[in-house]
Amino acid sequence: LKDGNFEVIVSGQRKGTGSSRETAAQCERWAGINIVIAASFAPIHERNNINLGQLMGDHAMLERLQQGEELALSEFTGRYDPVTQLILERGGLFPFAKALKSGGLDLPPLDTPSRPMTMAERIISRNLVGQPDGQCVKPEDPVIAQVQGGYSHEFTTAQVHTFLQEEYGDDYTLPNPSKFAVFEDHLLYAQHNPKFVPFMHKVQTLRDLQVAFQQHAGVRDYSAVDGVSPGICHQVAREEFIEIGDFIQATDSHTCMGGASNALTWGVGATEYANLVSAGFTFVKVPESIRFELVGELNHGCTAKDVILAILADHARKELTLNRSMEFGGPGLTSLSVDERATLCNMATECSGRTGICEADDALMEWMLNSQSNLDEAEQRSRMVKPDEGAHYHGGVHTIDLSTIVPMVAHPGDPDEGIPSDPTNGANIDDIGAVHVDIAYGGSCTAGKEDDIAYYAEVCQAAKDAGLSVKEGVDFYIQYGSGQVKALAERKGWHDLFLEVGVKLIDPGCGACIGAGPGVSITPEQVTVSAINRNFQGRSGPGKLYLASPLTVAASAFTGIISAWNSELFA
Amino acid sequence: MRDNWPPKKIALTPGKRVLFLTKDLDLIKQQLYDGLNLKMEDLSVEDLLDDINTDVMTPAWVCFDHDPAEIAKNAYAGLMHNGLRVFREKH
């Protein structure tokens with residue numbers, strides 16, 4: 001592309017669908033393309049182009065350009081909100097932020113009147129830059145907001161470092177590195193995937209550049225030590241530095257897991273992250289919200305994973321959660337542990353939601369103080385966010401009675417027949433018949449937390465008491481979400497219990513969830529029951545993958561078929 | 001990074017080219033390798049590729065690169081014709 005001396009690239013409908021990867025927009029930008037023409041653009045790809053300063057237009061505009069006409073810049077920018085127009089006029093997010101920081105740019109005032117706000121709106125409102133104190137926001141408002149912290153991992157940090165060097169020189173500095181971090185968690189076991197083996201030298205380069213960034217910028221260091229990761233970024237971040245009421249952004253789609261701490265958290269691309277880590281603020285288009293009012297209590301054998309699988313099969317399938325902040329509250333939420341709330345928030349991204357956020361309560365306060373002993377309780381309580389009475393939810397308010405939830409899976413579909421393998425393929429376990437499994441996997445950010453490990457231990461103890469081991473022909477893997485989780489398992493005796501009943505234990509990291517670690521399927525015929533968050537075809541090997549709760553995964557490992565857990569199962 | 005971008009008035013730069021990603025992949029090859037230059041007025045939107053996904057633009061393995069030059073080098077590495085890359089690998 002670069003050798004062709006092109007400055008315009010032209011295609012038809014829906015340019016840039018699929019994965020949100022920023023490299024797609026970058027490859028054109030860095031090959032010399034300045035103008036992208038298409039009939040329409042996928043929203044995330046369009047935003048990536050805006051951040052890079054790429055102008056987007058339609059075919060009629062191109063025809064005029066090719067006839068020698070000069071077009072006003074406003075023809076390319078006029079359809080966007082006032083802040084996005086400024087970003088494009090400045091040539092992208094970096095030059096925009098530089099101008100804003102130096103005082104060379106005035107933000108357009110917001111005219112949103114005082115109004116009741118959702119939790120997401122409240123947190124954005126109190127972080128506004130360039131607006132008067134107390135300014136309210138509403139969905140679609142384009143604003144600049146401060147962020148309190150964030151993190152990147154070895155898949156993304158190298159780009160962040162490179163961008164900052166290019167923009168600010170080799171001696172760039174970060175204003176507040178103590179609330180930002182790097183994690184070595186995604187590619188620790190990458191060599192287990194044959195497809196990744198040819199690229200291991202590049203993986204090493206990514207690791208080396210992450211170390212260089214950490215040492216240069218002074219951000220928190222969660223590098224692997226002797227080949228062992230401190231844990232998965234989302235889990236460790238909530239254990240160690242996400243505070244109540246924070247606005248956190250990180251370079252991964254499951255950043256939303258931090259919402260369990262009554263914080264606003266979501267994933268961004270490398271350009272946005274590099275900009276916010278250096279500027280301290282970022283561009284936000286205020287998202288709409290949808291509220292889930294939880295009542296009742298879960299029956300034994302059911303978990304938060306079953307709740308979110310039910311939401312995926314219902315509300316997400318109807319696109320009610322699409323790009324919205326999923327707000328969880330109500331008396332039922334209080335009956336769920338903080339780790340279980342993290343499962344709900346984590347899988348907001350599978351719901352195609354913007355994020356997930358839970359109301360705060362005493363249980364959260366206790367969990368926060370246990371996790372981060374340096375926190376001041378009064379200060380944390382003062383940061384708690386609640387929705388205002390009368391707040392408007394564009395996605396509606398949906399009451400879920402937890403006592404009606406039953407053990408579920410998301411089935412792998414039948415891609416060859418046009419039924420995609422998707423987390424929204426919900427089915428009650430009672431309705432799927434006898435599904436034999438070859439692999440049971442418990443781990444990932446979604447299901448490697450302390451309470452998830454406790455679920456695996458509950459089933460393994462019952463199996464041991466019944467004289468059972470993992471079913472012959474089944475591989476049962478448990479991968480801890482963090483070093484803290486592993487330490488708890490060792491203290492409680494669960495680590496030894498797992499080994500006694502035949503579980504294969506893996507140190508903390510992302511692993512099989514991203515197709516990079518023990519527990520991936522090897523052949524298309526293999527069936528996996530897994531507590532991870534996604535069952536997209538090929539993501540965790542070529543086999544068929546059923547998503548399920550930690551209890552279901554563990555129970556199935558001993559029966560050899562997908563089984564809902566109850567305390568009589570092994571009797 | 002680009003200097004002075006964008007100008008207030010947008011025009012095509014003399015000597016620079018426009019690449020049309022057409023459903024007829026041979027036409028793309030002719031633009032890339034044989035110097036063919038097309039005009040929008042000679043095409044319709046229906047002639048152009050729809051739903052170009054980000055995997056086509058940068059397959060997953062390109063994400064192991066961080067260097068802009070390397071990422072640019074592999075632009076559209078996922079666009080295949082008869083099992084071969086339309087945008088050929090540069091050695």
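These legends walk through several close-up views of a predicted model, looking at where chain A meets chain B.

**View 1. The whole meeting place of chain A and chain B.** Let's start with the overall picture. On one side, 66 residues of chain A take part, and they are in contact with 49 residues of chain B. The size of an interface is often given as the accessible area lost when the parts come together. Here the two chains bury about 5300 Å² between them, with 61% of it on carbon and sulfur atoms. Within chain A, the residues that lose the most area to chain B are Phe6(A), Arg21(A) and Gln66(A), together 13% of what that side buries.

**View 2. Salt bridges and polar contacts.** Chain A and chain B share three salt bridges. One of the partners is Arg21(A), which forms a salt bridge with Asp55(B); their closest N and O atoms are 3.3 Å apart. Across this interface, 30 residue pairs are in polar contact.

**View 3. The elements of chain A that touch chain B.** Several helices and strands each supply at least two residues to this side of chain A, among them β1 (6-10), α3 (59-66) and α9 (200-217). The most comes from α1(A), with six residues. By residue type, the side of chain A that touches chain B divides into 29 nonpolar, 22 polar and 15 charged residues.

**View 4. Strands that pair between the chains.** Here β4(A) meets strand β1 (residues 9-10) of chain B, and the two pair in the antiparallel sense over two bridges. Look for Ala72(A), which stands opposite Lys9(B) in β1(B).

Technical notes
Residues numbered from 1 in each chain as written. Chains lettered and ligands numbered in written order. Predicted model: local features only at pLDDT ≥ 70, side-chain atom pairs only at ≥ 80, totals over all residues. Heavy atoms only, no water. Contact = heavy atoms within 4.5 Å. Buried area = accessible area lost by both parts, 1.4 Å probe. Salt bridge = Lys/Arg side-chain N within 4 Å of Asp/Glu carboxyl O. Polar contact = N/O pair within 3.5 Å; in protein donor to acceptor, adjacent residues only side chain to side chain. Helix = DSSP H or I, 4+ residues; strand = E, 2+ residues; numbered from the N terminus. Nonpolar A, V, L, I, M, F, W, Y, C, P; charged D, E, K, R; others polar. Pairing = 2+ DSSP bridges.
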